[in-house]
Amino acid sequence: MVDIGADQAQTLRAMRQLRPVQVLAVTSGKGGVGKTNVSINLATALARGGQQVMLMDADMAMANVDVLLGIHPKLNLSHVIDGTHTLEDIIIDGPAGVHVVPASSGVRRMAELGPRENAGLIHAFSELTLPLDTLIIDTAAGLGESVISFARAAREVLVVVCDEPASLTDAYAMIKVLSREHGVQRFHVIASMTHTPSEGRLLYQKLAAVCDRFLDVTLNFLGAVPFDEYLRKAVQRQQPVVEAYNASRASQSFMQMAERITRWPRPTGPDGHLEFFIERLVNFSAGRGGVAA
């Protein structure tokens, strides 16, 4: 006879031993700026550095993480929403041991998820017992309900921009909505497709100047991804550039950004709102003598 009480106690002990997960949302406001490439390569770079990493494709109806990685998942987040499979059922292995959570492509209803369904997905991550250090969420472009929900539920928001007026305008709009309507106050900027290191810093300064004038937020410059022929070749090979051409300029840039991310303070407890892996945060806080929310 199975001792259900013992099993539950064992599961609870296992959950208490799991550390909080650093959750990063990679967003852009505008599509076509290299956001998914940034997500994939940062995830792979962190994994190559020894971290346990999960990459969530959060572009619910136009998924392309699987395409860029050359993987062919049989299950995806639409099956989790349907209730036919659990989140753990759909996870597949990616480069450098990255755990990939694939989304669907061409499924219109997935682009129209409401707050309750998005919250259900966020809560589903608390059921995972995988040992993880970092979750990277590759959001959709724009200001859709899912984008806002996932960015709010992350600890850090990374905003990818390129040297186009629409990119900077849309990135500012994203930061404005998240800060004024949802209380997100800290953002990290990644400049994409830059010709020189100074160009990346200048893009950041342009965005920071506008934000400093009109918003009460903190912007940090995480780094720049240069124009690099090897990055294009890696996309054609359906591999992260940090694996396919690890000596390239783009690869070195991603590795440097990943190293900076590993030095960020890790979460030590819940912030009082809906978050990914909230049970790990609550258990960790309680185990350290804090007050569980």
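I take partly exposed to mean a relative accessible area between the buried limit, under 20%, and the exposed limit, over 50%. The model I am working from is predicted.

**Entry 1: two residues with positive phi**

I looked up Ala96 and found it in the loop between strand 3 (92-93) and strand 4 (99-101). Its relative accessible area is 37%, so I record Ala96 as partly exposed. I noted that phi of Ala96 is near 60°, a positive value in a residue other than glycine.

I then turned to Phe277, which sits in the loop between helix 12 and helix 13 (278-287). Phi of Phe277 is near 55°, again a positive value in a residue that is not glycine. Is Phe277 buried or exposed? I entered Phe277 as buried, because its relative accessibility is 1%.

**Entry 2: Asp138**

I located Asp138 in strand 5 (residues 134-139). Its relative accessibility is 0%, and I therefore list Asp138 as buried. Which side chains make polar contacts with the side chain of Asp138? I found the side chain of Lys35 at 3.1 Å and the side chain of Thr36 at 2.8 Å.

I also listed the contacts of Asp138, leaving aside neighbours within four places in sequence. Lys35, Thr36 and Ser39 are among them, as are Val26, Met56, Asp57, Ala58 and Asp59. Asn64 and Val65 are also in contact with Asp138.

**Entry 3: helix 2 against helix 12**

I next examined helix 2 (residues 35-48), whose range takes in Lys35 and Thr36. Helix 2 packs against helix 12 (residues 249-262) at an angle of about 65°, with the two axes 9 Å apart. Helix 2 and helix 12 are therefore roughly perpendicular to each other. I recorded their crossing as right-handed.

From helix 2, the contact is made by Asn37, Val38, Asn41, Leu42, Ala45 and Leu46. From helix 12, I noted Phe254, Met255, Met257, Ala258, Ile261 and Thr262. How many residues of each class does the contact of helix 2 with helix 12 have? I entered nine nonpolar, three polar and no charged residues.

**Entry 4: Ser248**

I looked up Ser248 and placed it in the loop between helix 11 (241-244) and helix 12. With a relative accessible area of 7%, Ser248 is buried. A polar atom of the Ser248 side chain lies 2.8 Å from the backbone oxygen of Tyr245. Not counting residues up to four places away in sequence, I found that Ser248 touches Asp228, Tyr230 and Val241.

**Entry 5: helix 7 against helix 8**

I then took helix 7 (residues 145-152) and helix 8 (residues 165-182), which pack at an angle of about 65° with their axes 11 Å apart. I recorded the crossing of helix 7 and helix 8 as right-handed. On the helix 7 side I noted Val147, Ile148, Ala151 and Arg152. These residues meet Met174, Val177, Leu178 and His182 in helix 8. By class, I entered six nonpolar, one polar and one charged residues for this contact.

**Entry 6: Leu178**

I followed Leu178, which lies in helix 8, in further detail. The relative accessible area of Leu178 is 0%, so I list it as buried. How far apart are the C-alpha atoms of Leu178 and Arg152? I recorded a separation of 7.4 Å for these two residues, which are 26 residues apart along the chain.

Leaving aside neighbours within four places in sequence, Leu178 is in contact with Ile148, Ala151 and Arg152, and also with Val157, Gly183, Val184 and Phe187. Ile148, Ala151 and Arg152 also appear in my list for the meeting of helix 7 with helix 8.

**Entry 7: helix 8 against helix 9**

I finished with helix 8 and helix 9 (residues 197-214), whose axes come within 11 Å and cross at roughly 40°. That angle makes helix 8 oblique to helix 9. I noted that helix 8 passes helix 9 in a right-handed crossing.

Helix 8 contributes Leu168, Ala171, Tyr172, Ile175 and Arg180 to the contact. Helix 9 contributes Leu203, Lys206, Leu207, Val210, Cys211 and Phe214. I divided the residues of this contact into nine nonpolar, no polar and two charged.

Conventions: Residues are numbered from 1 along each chain as its sequence is written. This is a predicted model: local features need pLDDT of at least 70, side-chain atom pairs count only at pLDDT 80 or more; totals for chains, interfaces and linings use all residues. Side-chain values use heavy atoms; hydrogens and water are left out. Axes are lines fitted to C-alpha atoms, for helices over the stretch in contact, and angles run from 0 to 180 degrees between N-to-C directions. Helices (H or I, at least four residues) and strands (E, at least two) are DSSP runs, numbered from the N terminus. Angles under 35 degrees count as roughly parallel, over 145 as roughly antiparallel, 65 to 115 as roughly perpendicular and the rest as oblique. A crossing is left-handed if the near helix is turned anticlockwise from the far one by less than a right angle, and right-handed if clockwise. Contact means heavy atoms within 4.5 Å. Ala, Val, Leu, Ile, Met, Phe, Trp, Tyr, Cys and Pro count as nonpolar, Asp, Glu, Lys and Arg as charged, and the others, Gly among them, as polar. Buried means under 20% relative accessible area, exposed over 50%, partly exposed in between (1.4 Å probe, protein chains only). A polar contact is a pair of N or O atoms within 3.5 Å; within protein, one must be able to donate a hydrogen and the other to accept it, and residues adjacent in sequence count only if both atoms are side-chain atoms.
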